[in-house]
Each structure stands twice: as structure tokens, then as C-alpha cells.
Amino acid sequence: MIKCKNIAKGKAQGELIVSSEPISFLGGVDPETGEVIDPNHELKGEIIKDKILFIPGGKGSTVGSYVIFQMKKNNTAPKAIICIKAEPIIVTGAIMSNIPMVDSPEDIEPLTTGTMVEVDGDEGIINVL
């Protein structure tokens, strides 16, 4: 069990996809497919749909919140989001879209791509499964 700050309520289980780079949802992720399309991002070509996305934080335009919302409507959004330091763009998008979100995990060592986890945005906990 990894303690975090709870940001957006809800629970989700899934496979982690981890990036050491912040992500911009506006222009960086295709809301129709959930594919990372930013040519300079380490996750370029990866699909974040139905994954638990773990990123340092977000970057870019405030429109990114609406891209996250559009992804949720298109069923291409991540199941949950974990940030090291959440910022308002991603927080707003997660809350508007009912995507569970936590930040400031106490221990990030076990959080690697491919690991199965449960994110509990109600309690501010990540459980490694």
C-alpha cells in the first residue's frame, strides 16, 4: 500500500504505463484513440486508453482539461492518473471526467510500466496487485 494525496474520487484497477516526462494532452495525445502523438515524448506511439497513467505532471494549455474530458467521452481515457506533482490542468480534467487521481506517492519504486495496481482516489492509496 502506497499512501498518496487524493485528488479525484473513485477507484480503478489496471496496468501501469509510466513516463518520466510531463505530458501535454492538447496536441500530445489523440483523443480519438488514446495514443501519445507528441513526436518528442518518450511514450510516443503508446496507447494510454484503459491504463493507469503515471506521470510527473502535466504541461501545456488549459484546453488539455477538455481533451481529457473528450477522451473520457470517447472511451479512450486512462482508467486512473497518478502524478508526482499534480497541476491544475490535469486535476481539472480528471475531476470533470470522473477519472480517479492521486498525487505525491510516498514510494514510487514499485510503480513501473506493466505493474498491475489499484488506485483509490477516495482514500489516497495505490495498491500494487
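Let me start with the sheet, which in this predicted model is an open one built from 8 strands in the order S1-S8-S7-S3-S4-S5-S6-S2, with mixed pairing. At its edges are strand S1, residues 2–3, and strand S2, residues 5–8, each of which pairs on one side only.

I would like to go next to strand S4, residues 52–55, and to its two neighbours in that order. On one side, S3 and S4 pair in the parallel sense over 3 bridges, and within that pairing Ile 17 stands opposite Leu 53 in S4. On the other side, S4 pairs with strand S5, residues 80–83, again in the parallel sense and over 4 bridges, and here the bridge partner of Phe 54 is Ile 82 in S5.

Which way do the side chains of S4 point, and are they buried or exposed? Ile 52 and Phe 54 point one way from the strand, while Leu 53 and Ile 55 point the other way, and all of them are buried. That is the pattern to expect in general, since in a regular strand the side chains alternate between the two faces of the sheet.

Now, S4 and S5 also belong to a right-handed β-α-β unit, and the helix in that unit is H1. Helix H1 covers residues 64–73, and its buried residues are Gly 64, Ser 65, Val 67, Ile 68 and Met 71. Why do these residues lie on the same side of H1? They do so because they cover an arc of only 160 degrees around the axis. As a general reminder, an α-helix has 3.6 residues a turn, so residues three or four places apart point the same way. The face of H1 turned away from the buried side carries the exposed residues Tyr 66 and Lys 73, and just after the helix Asn 75 takes a positive phi of about 60 degrees.

What do the buried residues of H1 pack against? Their partner is helix H2, residues 88–97. Helix H2 itself lies across S2, S4, S5 and strand S6, residues 101–103, and it runs at about 60 degrees to S2.

Let me finish with the charged pairs, of which a search of the whole structure finds 2 that qualify as salt bridges. One joins Asp 120 to Lys 11, with the closest N and O atoms 3.8 Å apart. Asp 120 lies in strand S7, residues 116–120, and Lys 11 in strand S3, residues 11–18, so this pair ties together parts that are 109 residues apart in sequence. As for their surroundings, Asp 120 counts as buried, at 8% relative accessibility, whereas Lys 11 is exposed, with a relative accessible area of 53%.

The other salt bridge is formed by the side chains of Lys 51 and Glu 15, at 3.6 Å from N to O. Because Lys 51 lies in the loop between S3 and S4 and Glu 15 in strand S3, the pair ties together parts that are 36 residues apart in sequence. Here Lys 51 is partly exposed, with a relative accessible area of 22%, and Glu 15 also counts as partly exposed, at 31% relative accessibility.

Definitions and conventions: Residues numbered from 1 in each chain as written. Predicted model: local features only at pLDDT ≥ 70, side-chain atom pairs only at ≥ 80, totals over all residues. Heavy atoms only, no water. Buried < 20%, exposed > 50% of the residue type's maximum accessible area, 1.4 Å probe, protein only. Arc of directions from axis to C-beta. Contact = heavy atoms within 4.5 Å. Salt bridge = Lys/Arg side-chain N within 4 Å of Asp/Glu carboxyl O. Pairing = 2+ DSSP bridges. Right-handed = clockwise from strand over helix to strand, strands pointing away. Axes fitted to C-alpha atoms, helices over the stretch in contact; angles between N-to-C directions.
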